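Hi,

Here's the structure I said I'd pass on. Have a look at it first, and my notes follow underneath.

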Amino acid sequence: MKKGEKRKKELLSIAYDMFITRGYEKTSVDEIIEKAQIAKGTYYYYFQSKEQMLEEVIDMMIDSETETAEQIIGKDISVPQKIVGILASIKPTEAEQPIQNALFQPENVLMHYKVRKKLINVLTPLLSEVIEEGVNEGIFKCENIPERVKMLLIISDSTFNEGTFTEKDISVFIDMTEKLLGAENGTMSFIYNLIDKSDMEAIE
């Protein structure tokens, strides 16, 4: 690793730790500079703004999560277990939640969109490989797998990350997933437990 790349990685590591412990909003560029013991000009050589640094910190998190997900594909476990493992891997830890929350600030809307798009691009080939394995095992019956997976990820993101949803929405999504992948009824029921239900509408 070149010296410049190493320095930038060190700065991202410092920012990552400070964003977690202090929160993104409460961490200033000056504090990051002081912690790193560098000149302000050095900081701005690598990052145009704190927002750019946040985006690169999140990219670093996604890269680490992707490595974990890739290891799951090679494990000797069932196809449903691999799907669960991959989706669980591509999520911030509880400690990383302050960084995740920063994406929901109004000024970071564009960044939020870019991160979600990257997650879909990362997940599509990983899940496609597992679905292909499921096709070979007779669990799924479908072609054009990457396109189907991408469509399901986009629908899932729009349904469960854009606002409130209902039990019926979850039920329909699971049914649609099974039909799109050519799976028997009940094959994908495990999806129910993967969905964060904090935004689910309460039944009156």
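How are H1 and H2 oriented to each other? Before I get to that, bear in mind that this is a predicted model.

Helix H1 (residues 3–22) and helix H2 (residues 29–36) have axes that come within 10 Å and cross at roughly 125°. An angle over 145 degrees would count as roughly antiparallel and one of 65 to 115 as roughly perpendicular, so H1 and H2 end up oblique to each other. As for handedness, the H1 and H2 crossing is right-handed.

On the H1 side, the residues that meet H2 are Leu11, Ile14, Ala15, Met18, Phe19 and Arg22. Their partners in H2 are Glu31, Ile32, Lys35 and Ala36. Sorted by class, that H1–H2 contact has 7 nonpolar and 3 charged residues, with no polar ones.

Now for the pocket. The largest one has a volume of about 1,300 Å³. It is lined by 41 residues, and the ones closest to its centre are Ile90, Lys91, Ser156, Asp157 and Asn161. If you want to find the walls in your viewer, the elements giving two or more residues to this lining are helix H4 (50–73), helix H5 (79–89), helix H6 (97–102), helix H7 (109–136), helix H8 (145–160) and helix H9 (167–181). H7 supplies the largest share, with 8 residues.

And the chemistry of that lining? By class, the largest pocket is lined by 27 nonpolar, 8 polar and 6 charged residues.

Cheers

Key: Residues are numbered from 1 along each chain as its sequence is written. This is a predicted model: local features need pLDDT of at least 70, side-chain atom pairs count only at pLDDT 80 or more; totals for chains, interfaces and linings use all residues. Side-chain values use heavy atoms; hydrogens and water are left out. Axes are lines fitted to C-alpha atoms, for helices over the stretch in contact, and angles run from 0 to 180 degrees between N-to-C directions. Helices (H or I, at least four residues) and strands (E, at least two) are DSSP runs, numbered from the N terminus. Angles under 35 degrees count as roughly parallel, over 145 as roughly antiparallel, 65 to 115 as roughly perpendicular and the rest as oblique. A crossing is left-handed if the near helix is turned anticlockwise from the far one by less than a right angle, and right-handed if clockwise. Contact means heavy atoms within 4.5 Å. Ala, Val, Leu, Ile, Met, Phe, Trp, Tyr, Cys and Pro count as nonpolar, Asp, Glu, Lys and Arg as charged, and the others, Gly among them, as polar. On a 1 Å grid over the protein atoms alone, a cavity is a set of points where a 1.4 Å probe fits but cannot get out, and a pocket is an open set with protein on both sides within 12 Å along at least five of seven lines; lining residues have an atom within 4 Å of a point. Grid points are joined across faces, edges and corners, and a volume is the space filled by probe spheres set on the points.
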